[in-house]
Amino acid sequence: MDRRSLGQDGTTVSAIGLGCMGMSEFYGSRDDAQSLDTLAAALEHGIDFLDTADMYGAGHNEELIGRFLKNRRDQVVLATKFGIVREPGRYERRVDNSPAYVRAACDASLQRLGTDVVDLYYMHRRNPEVPIEDTVGAMADLVQAGKVRQIGLSEVSVETLRRAHAVHPIAAVQSEYSLWTRDPEENGMLQACRELGTTFVAYSPLGRAFLAGAVTDTSSLAPDDFRRVNPRFAEEALAQNRRLAEALADFASGLGAKPAQVALAWLLGKHEHVVPIPGTKRRAYLAENAAAAAIRLSPDQVAVLDALFAPGAVAGARYTEEGMKGVGL
């Protein structure tokens with residue numbers, strides 16, 4: 001597994017990480033034993049960058065990762081997040097970026113994770129009523145206290161990144177980025193991260209399993225699956241998007257690869273400072289994703305994929321109207 005820089009302090013991570021959210025909620029039922037086996041498989045395949053958050057499963061995900069980390073903490077680069085406050089079992093939420101909450105949330109995460117320090121601590125979403133300088137100042141205090149090694153931001157604007165970076169180096173920005181979500185190319189975030197020495201962490205790099213060809217309709221999804229209410233999986237949008245997935249599958253077949261592997265190879269080949277973190281609960285898919293790091297697409301192949309998934313080709317917003325209010329702030 002290739003490695004890439006995380007921020008500017010010399011830390012490196014596997015070129016492909018593992019998003020752990022789905023092990024707790026949003027994509028069907030939990031199976032802790034299966035998830036723990038998949039986490040073990042990640043290390044076996046050289047994937048050591050694990051991504052969680054305090055709101056995933058109302059703390060369950062951090063507790064699950066904490067169980068896995070026993071006797072393995074030094075083998076993992078651990079990232080978690082704060083800021084989204086939800087009641088258990090409810091999607092409705094509020095965002096708290098206050099310095100007092102930053103400190104309290106970090107202590108709670110450390111306890112659930114069973115560790116003394118987090119390698120990367122993100123602000124999950126921004127509340128624009130709190131100056132970003134105040135929030136990042138509190139996060140910097142956590143670095144000074146030895147509870148956090150590096151800090152990051154999630155789904156923010158370029159302006160917010162620059163203001164935050166002026167207070168303390170921002171090691172990573174996490175946003176959705178994939179063949180079917182090209183926003184970071186258009187809003188200047190990828191360029192800003194490169195300029196500042198900030199790693200761009202791409203979540204949902206497989207389009208919530210759509211690019212892997214795993215979702216052709218929503219009838220087989222669990223009743224509480226997040227994708228049932230996602231605009232891109234609505235019936236009319238899905239019909240249009242399905243043609244894109246079929247074209248990707250044909251392209252991948254010509255390379256002797258899986259469509260998910262091509263989607264990941266496209267990200268890795270376009271930008272050296274991008275680290276995708278596909279999520280999975282299954283060992284077999286983990287192995288497939290890890291193998292994508294060895295695929296090298298030619299410039300011509302990248303251009304074909306760029307054109308196939310050109311902005312505007314994908315139907316539907318990436319979140320509901322309410323969800324979109326919380327991104328790019």
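Me: Two strands pair if DSSP finds at least two bridges between them. With that in mind, which residue of β4 is the bridge partner of Gly19?

Reply: That would be Asp51. Strand β3 and strand β4 (residues 49-51) run parallel, with 2 bridges joining them. Keep in mind that this is a predicted model.

Me: OK, and what sheet do β3 and β4 belong to, and in what order do its strands come?

Reply: They are part of an open sheet of 8 strands with parallel pairing, in the order β3-β4-β5-β8-β9-β10-β11-β12. At the edges sit β3 (18-19) and β12 (274-276), each of which pairs on one side only.

Me: Which helix packs on the sheet and touches β12?

Reply: Helix α7 (residues 189-196) does, and it also touches β10 and β11 (199-203). The direction of α7 makes about 145 degrees with that of β11.

Me: Let's move to the middle of the sheet. Is β9 largely enclosed or open?

Reply: Strand β9 is largely enclosed by the rest of the structure, because 6 of its 7 residues are buried. On one hand, β9 pairs with β8 in the parallel sense, through 5 bridges. One residue pair there is Leu120 with Gln150 of β9. Getting from β8 to β9, the chain goes through α4, and this β-α-β crossover is right-handed.

Me: And how many bridges link β9 to β10?

Reply: There are 4, and the two strands are parallel, with β10 covering residues 170-176. Gly152 stands opposite Ala172 of β10. Here the chain crosses from β9 to β10 through α5, in another β-α-β crossover that is right-handed.

Me: Back to α4, then. Why does its end-to-end distance agree with what a helix should span?

Reply: Helix α4 (residues 132-144) has 13 residues, so at 1.5 Å a residue it should span 18 Å, and its end C-alpha atoms are indeed 18 Å apart. Just after α4, Gly146 takes a positive phi of about 85 degrees.

Me: Which residues of α4 are buried?

Reply: Ile132, Thr135, Val136, Gly137, Ala138, Met139, Ala140 and Leu142. As a rule of thumb, an α-helix has 3.6 residues a turn, so residues three or four places apart point the same way.

Me: What do those buried residues pack against?

Reply: They pack against the strands β5 (77-82), β8 (118-123) and β9 (148-154), and against the helices α3 (99-113) and α5 (158-167).

Me: Can we zoom in on Ile132? Why does it count as buried?

Reply: Its relative accessibility is 0%, and buried means under 20%, so Ile132 counts as buried. Leaving aside neighbours within four places in sequence, its contacts are Met123, Arg126, Leu153, Thr160, Arg163 and Ala164.

Me: How far is the C-alpha atom of Ile132 from that of Val167?

Reply: They are separated by 9.2 Å, although the two residues are 35 residues apart along the chain.

Me: New topic: cysteines. How many disulfides does a search of the whole structure find?

Reply: The search finds 0. Cys20, for instance, is in no disulfide: the nearest cysteine sulfur belongs to Cys106 and is 18 Å away. A disulfide needs the two sulfur atoms within 2.5 Å.

Me: Are Cys20 and Cys193 buried or exposed?

Reply: Cys20 counts as buried because its relative accessibility is 1%. Cys193 counts as buried too, at 0%.

Terms used. Residues numbered from 1 in each chain as written. Predicted model: local features only at pLDDT ≥ 70, side-chain atom pairs only at ≥ 80, totals over all residues. Heavy atoms only, no water. Expected span 1.5 Å × (residues − 1). Buried < 20%, exposed > 50% of the residue type's maximum accessible area, 1.4 Å probe, protein only. Contact = heavy atoms within 4.5 Å. Right-handed = clockwise from strand over helix to strand, strands pointing away. Axes fitted to C-alpha atoms, helices over the stretch in contact; angles between N-to-C directions.
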